[in-house]
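Q: I should like to learn how to read the features of a structural model, beginning with a single residue and ending with the whole chain. Where might one begin?

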Amino acid sequence: MRDFASAYFTMNETDAAEYVRERLNIFAEDADLECREIGDGNLNYVFKVTDLNSGQSIIVKQAGPVARISDAFKVSPDRNRIESEILALQGELAQGFVPKVYSYDPVMNCCVMDDLSDHEIMRSALLNHKKFPLFADQITTFLARTLLLTSDVVMGHKEKKGRVQQFTNPELCEITEDLVYTEPFYNCEQNDVFEGTKEFVHQTIWNDRELALETAKLKFDFMTKAQSLLHGDLHTGSIFIKEDSVKIIDPEFAFYGPAGYDIGNVVANLIFAYVHASYTIKEEKRKNEYLQYLEETIAQVIELFSRKFLELWDEAVTEQTATVPGFKEWYVDSILEDTAAAAGLELCRRVIGIAHVKDLTSISDEENRVEAEKICVTAGKAFILERASIRSGNDFVKVLRRSVDQ
Ligand code: SR1
Ligand code: MG
């Protein structure tokens, strides 16, 4: 029998099933446990453990000492504590939007949570051109509540500073600082640009001094603006979805940063789905319908977020100076500016940097992939440089359309 109590080791499927049997009180004594490793992210091991007698299943998620994507990323397994603690907190602030966590184990650096196999990963669903009419409403409730209720507008400032400490996440933040804010904007060795897209990136991104300056400013905002407790990696691979339900997973990049970072990541990943659909749906009418659905969803995310954030502000504000007329409008405006910037950064980095998205890599025709990537980079750059004037849902859609037409 393995010793799970004394020292950390990375588990295999047999270990994870034994772990569940020995350490947890979830399944019946006579459970017939089967375990499969199902993780497809860049960092962790995800074990699905099923009792073949009852059909009941749970997830054991373990943080390894290095990232799966590359041994070069040595990342503290403490990220599993961050993930467990933020999931508990988000579960209180935005009920029903995150999986329930049953246990966190600081020795094995793993947590046990609900199995969401009745949902599907949103990125895969969008690549299959599925529509989720409730998504914009659901995600904006999650965003408005988690981003406002963890901020100085609502929380006592000493308590909030305690949270900033609790969720200080230097190694995962460093990954974002490098992969999102730095490497994509110069000809860095670690970048991984598709051959046909390289020349365009050289001309459009690496030769642009204004863009270098603006992304430098944004990097310093990301590192210093402890505004809200962020998910920190809110792409469509971090969202489980079904017709009537959305569950946000994988918040291991959580920390206190600019609120717009999470919203911008959602918008950018809807744009990846849009570009993918543009090049993969053959039938014109079906394609246009799907693109229209995605444009509407992008616009709704912005509009509903702004509306819900302002409404919740009036109910929940405790900071006296935040009630000064005009302040909340200024505050939301700055979040929307950061949203545009974050969308732009994500659009550029998934084309140029080391971590790609299937929306682009799965476009099998090389010319189409290059065209799709150029659209993302063009839109990304525009979102960054024009962020001061991008405020409404329609503004976001206009940048996207213009980039497609260029
Ligand atoms: C080394 S981790 C690479 C990327 O995967 C994660 O999901 C984050 O997006 C990170 O940037
Ligand atoms: Mg992840």
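A: The model is a predicted one. Aspartate 250 counts as buried because it has 22 C-beta neighbours inside 10 Å, and 20 or more are required for that class.

Q: Where is aspartate 250 placed with respect to the strands?

A: Aspartate 250 lies in the loop between strand S9 (245-248) and strand S10 (255-257).

Q: What is notable about phi of aspartate 250?

A: The general idea is that most residues other than glycine have a negative phi. For aspartate 250, phi is near 60°, a positive value in a residue other than glycine.

Q: Which value does phi of asparagine 109 take, and where is asparagine 109 placed?

A: Phi of asparagine 109 is near 50°, again positive in a residue other than glycine. Asparagine 109 is found in the loop between strand S4 (101-105) and strand S5 (110-114).

Q: Is asparagine 109 buried or exposed?

A: Asparagine 109 is buried, as 22 other C-beta atoms lie within 10 Å.

Q: How should one read a helix, for instance H13?

A: An α-helix has 3.6 residues a turn, so residues three or four places apart point the same way. In the present case, H13 has 20 residues and reaches 29 Å from its first C-alpha to its last, close to the 28 Å expected at 1.5 Å a residue. H13 is mostly covered, with 14 of its 20 residues buried.

Q: What can be said of leucine 385 in helix H13?

A: Leucine 385 belongs to helix H13, which comprises residues 366-385. Leucine 385 is partly exposed because 17 other C-beta atoms lie within 10 Å, a count between the limits of 12 for exposed and 20 for buried. If neighbours within four places in sequence are left aside, leucine 385 is in contact with Glu210, Leu211 and Glu214. Leucine 385 and glycine 232 are 153 residues apart in sequence, and their C-alpha atoms are 22 Å apart in space.

Q: Which domains does the chain have, and how many residues join them in contact?

A: The domain assignment gives domain 1 (13-114) and domain 2 (120-405). Their centres, taken over C-alpha atoms, are separated by 27 Å. At the interface, 19 residues of domain 1 are in contact with 22 residues of domain 2. The side of domain 1 that touches domain 2 consists of twelve nonpolar, four polar and three charged residues.

Q: Which residues surround ligand 1, and from which domains are they drawn?

A: The residues around ligand 1 include Gly41, Asn42, Phe73, Thr176, Asp233 and Ala355. By class, the shell has seven nonpolar, three polar and one charged residues. Domain 1 (13-114) and domain 2 (120-405) each supply at least three residues of this shell.

Q: What do the overall figures say about the chain?

A: The chain has 406 residues, for which a compact globule would have a radius of gyration near 22 Å; the value for the chain is 21 Å, which agrees. Along its principal axes, the C-alpha trace spans about 65 × 55 × 40 Å. The secondary structure comes to 14 helices and ten strands. Buried residues make up 44% of the 406 residues.

Q: How are the contacts distributed along the sequence?

A: Among contacts between residues at least 6 apart in sequence, 72% join residues at least 24 apart.

Technical notes. Residues are numbered from 1 along each chain as its sequence is written. Chains are lettered from A and ligands numbered from 1 in the order in which they are written. This is a predicted model: local features need pLDDT of at least 70, side-chain atom pairs count only at pLDDT 80 or more; totals for chains, interfaces and linings use all residues. Helices (H or I, at least four residues) and strands (E, at least two) are DSSP runs, numbered from the N terminus. The radius of gyration is taken over C-alpha atoms; the globule rule is 2.2 Å times the number of residues to the power 0.38. Two residues are in contact if their C-beta atoms, placed from the backbone, lie within 7 Å. The expected span of a helix is 1.5 Å times one less than its number of residues. A residue is near a molecule or strand if its C-beta atom, placed from the backbone, lies within 6 Å of it. Ala, Val, Leu, Ile, Met, Phe, Trp, Tyr, Cys and Pro count as nonpolar, Asp, Glu, Lys and Arg as charged, and the others, Gly among them, as polar. Domain bounds come from an automatic or database domain assignment.
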